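Let's take a walk through a protein together. Please have the picture in front of you and follow along at your own pace.

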Amino acid sequence: MAKRSLEELQKRYSSASTVKSDGPGGMRGPGGPGGPRGPRGARPTGKPKNSKATVRRLISYIAVYRMRILVVLVFMLLNTLCSVAGSYLLRDVINVVDLSVSPEKSVLVRLFMPDATADNFDTTRRVACLGIIVLVLAAIYLVGVVTNYLQGRLMLTVSQNTTEKLRNDLFNRLQKLPVRYFDNNTTGELMSRFTNDIDTIDTMINSTVTSLISGAITLVGTLVMMLFTNVWLTMITVVFVPLFSLTGSFIAKKSSRYYSAQQAALGAVNGYIEETVTGSKVVKVFNHEATCEEEFDSLNDDMRDKQIKAQFYGGVMGPIMNNMSNIAYGITAGVGGLLCLFAGFDVGGLAVFCNYSRQFSFPINNISMQMSTIFSALAGAERVFTVMDQEPEAADLPDALPMAPADAQTDTEGKSIRGDVVLDNVSFGYLPGQPVLKHISLYAHAGQKIAFVGSTGAGKTTITNLLNRFYDIDEGVITIDGVDIRCYKRDDLRSHIAMVLQDTHLFTGTIMENIRYGRLDATDEEVIQAAKTASAHSFIMRLSDGYQTMLEGDGANLSQGQRQLLNIARAALSKAPILVLDEATSSVDTRTERHIEHGMDRLMKNRTTFVIAHRLSTVRNANAIMVLEHGEIIERGNHEQLLAMGGRYYELYTGKKELD
Ligand SMILES: Nc1ncnc2c1ncn2[C@@H]1O[C@H](COP(=O)(O)OP(=O)(O)OP(=O)(O)O)[C@@H](O)[C@H]1O
Ligand SMILES: [Mg+2]
């Protein structure tokens, strides 16, 4: 691969990453100073298309906890009241120690020492009052701390329970989606529904919503207290603070554009690293290290530039702009000072008021930033719901036939299956208008072995994918024991067809567990027997922990052939009357393969078996061999007949074209 341009790389990799590109950092702290969201807080953007429906649906998830939320609201109210009232007591503190101020100016003095006048308010009484104020202050802040704690805890359970339910619903829907869905949606995309999208929802519920609500309460509470302290100054504050705050945050908001650019660059870098790490062997094989380094360097350079921009606006300009509200603060302080000098306003009142005017600007500065989090959370929720709304595999027909369990002796529990399979004039395409299989007709009597051979892409795997209804056919009919497979319960149908898929897959777990995946109620002895059938026993015994060896990362610690043997053992454990082996032994050496053959013969005995193999030695003893070409059966017969025919099979088998 020649070195690609930066644009090309960005286009390819920015959405490829499955790595979570961002943590929920920098967003917490309801009622905080409203500093700009740092670059770590930037979110993948995207506006929700139908916010109303999404909001309604999201609320239906959260509404389950409405009682808790109500309690949270009460705590929030208390908490805010405490903080507003606590600030107010500063006025009393200053006024009590200010010898020039008469005691009536202090609320607590009026309350606890009603007989105090300017004349009898001596130092002893002042100290006593100071003590009382401090005690009240301590009590108020204690209530504040407790309510804050309870509110935080409760809200955390709301958000975590909600996202847990979302993840569950999403995962359960994924389990029910047809195979077709996974053809068109990458793992990375689906993973980011679980990580990025659900995380933004979490952040929104947990901190954004609470900080907006507590912000609103603070705003009202502060306003009331400001009016109580001084009406004139309140008027000034109410006019100037929003004016400067909003201009400031308007400029700060402009920088959000740089955040998304930075986010995309980060995604590209992550995607690129991910691909090179996963493909590190291929990179080395073809000596692409230098190109990789150059490509990475250009992506990395680009990320640096965008990060500088984003952090300059977010981390440097943002705070400066947000501080515009300090101008309002200055004006308030100036006018308040004049009021003190000429209109008898008390210094304590001024100090408290300046404090309030600060508090008043926090929520206002905060709103516009929180709004963008809400938008990206809604966009995330919408993407999550879109997956949840995907059509699941079509439901079983109402009168679907149950099949007796594969190992049942009698058919009291449903129709017991012998394994007669018939495909009658079956046509199918993955995409409409592009047929992959054309008019396939064949039969397999119970216990017979049918082989499919043919060149790569001919449609062999596709036929087997139709038997167990990974895909439903477009035309024709497939029957098992004379009944259309669409008339059986889907789960029953699948439990009666054991498959060794062309792409092996092993789960994280022990070898024992992985083989037992084929039949969960199998005993250890049965598992070991199955492993022997598949000739896997001897290599398993050579592993340090034998059957208890842990497999990780799709069995990365095994060889390709060993992985295949485990997949065969898994199928061998199943008692299904129909068996499909898709290139089951393609990576196994010929000696081991011959070894398996006896086991395989035992495995196939009394079962209808479909074998796909490029290595023709594995198919020669089949009852019938179908030669597929471009989705059609072009030759059929047993090994001798087909050889005698001297056609495509002869060509495949002998490796040479018939000389004529
Ligand atoms: N999920 C899919 N979506 C769209 N087209 C597909 C899909 N899977 C396979 N095809 C197409 O269907 C055709 C048949 O594929 P199939 O996997 O059945 O081939 P095959 O005979 O098993 O080949 P091989 O020997 O390489 O395993 C191919 O042309 C392929 O491009
Ligand atoms: Mg195949």
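What is the order of the strands in the open sheet of four strands? The order is 2-1-4-5, and the pairing is antiparallel. Keep in mind as you look that this is a predicted model. At the edges of this sheet you will find strand 2 (437–444) and strand 5 (483–484), and each has a single partner strand, so one side of each is left without a neighbour in the sheet.

What holds such strands to each other? Strands of a sheet pair through backbone hydrogen bonds, either parallel or antiparallel. Here, strand 1 (residues 421–428) and strand 4 (residues 475–480) pair in the antiparallel sense over five bridges. To see one pair of partners, find Val422, whose bridge partner in strand 4 is Thr479.

Now turn to another open sheet, this one of six strands. Its order is 6-9-10-3-11-12, and its pairing is mixed. Strand 6 (497–500) and strand 12 (632–637) stand at the edges, and because each has a single partner strand, one side of each lacks a neighbour in the sheet. On average, neighbouring strands of this sheet are turned by 20° against each other, direction ignored. Within this sheet, strand 3 (residues 449–454) and strand 10 (residues 608–612) pair in the parallel sense over four bridges. Ile450 has Phe610 in strand 10 as its bridge partner.

A helix lies across several of these strands. Helix 14 crosses over strand 3, strand 6, strand 9 (578–582), strand 10 and strand 11 (624–629), and runs at about 150° to strand 9.

Helix 14 also leads us to the ligand. Which helix gives the most to the shell around ligand 1? It is helix 14 (residues 460–467), with three residues. The residues that surround ligand 1 include Asp183, Tyr430, Val436, Lys460, Thr461, Thr462 and Gln502. By class, the shell around ligand 1 has three nonpolar, six polar and two charged residues.

Finally, look for a pair of helices. Helix 3 (residues 66–97) and helix 5 (residues 123–176) pack with their axes 8 Å apart, at an angle of about 160°. Angles over 145 degrees count as roughly antiparallel, so helix 3 is roughly antiparallel to helix 5. Their crossing, that of helix 3 and helix 5, is left-handed. In the contact of helix 3 with helix 5 there are 24 nonpolar, eight polar and three charged residues.

Methods
Residues are numbered from 1 along each chain as its sequence is written. Chains are lettered from A and ligands numbered from 1 in the order in which they are written. This is a predicted model: local features need pLDDT of at least 70, side-chain atom pairs count only at pLDDT 80 or more; totals for chains, interfaces and linings use all residues. A residue is near a molecule or strand if its C-beta atom, placed from the backbone, lies within 6 Å of it. Helices (H or I, at least four residues) and strands (E, at least two) are DSSP runs, numbered from the N terminus. Ala, Val, Leu, Ile, Met, Phe, Trp, Tyr, Cys and Pro count as nonpolar, Asp, Glu, Lys and Arg as charged, and the others, Gly among them, as polar. Axes are lines fitted to C-alpha atoms, for helices over the stretch in contact, and angles run from 0 to 180 degrees between N-to-C directions. Angles under 35 degrees count as roughly parallel, over 145 as roughly antiparallel, 65 to 115 as roughly perpendicular and the rest as oblique. A crossing is left-handed if the near helix is turned anticlockwise from the far one by less than a right angle, and right-handed if clockwise. Two strands pair if DSSP finds at least two bridges between them. Two residues are in contact if their C-beta atoms, placed from the backbone, lie within 7 Å.
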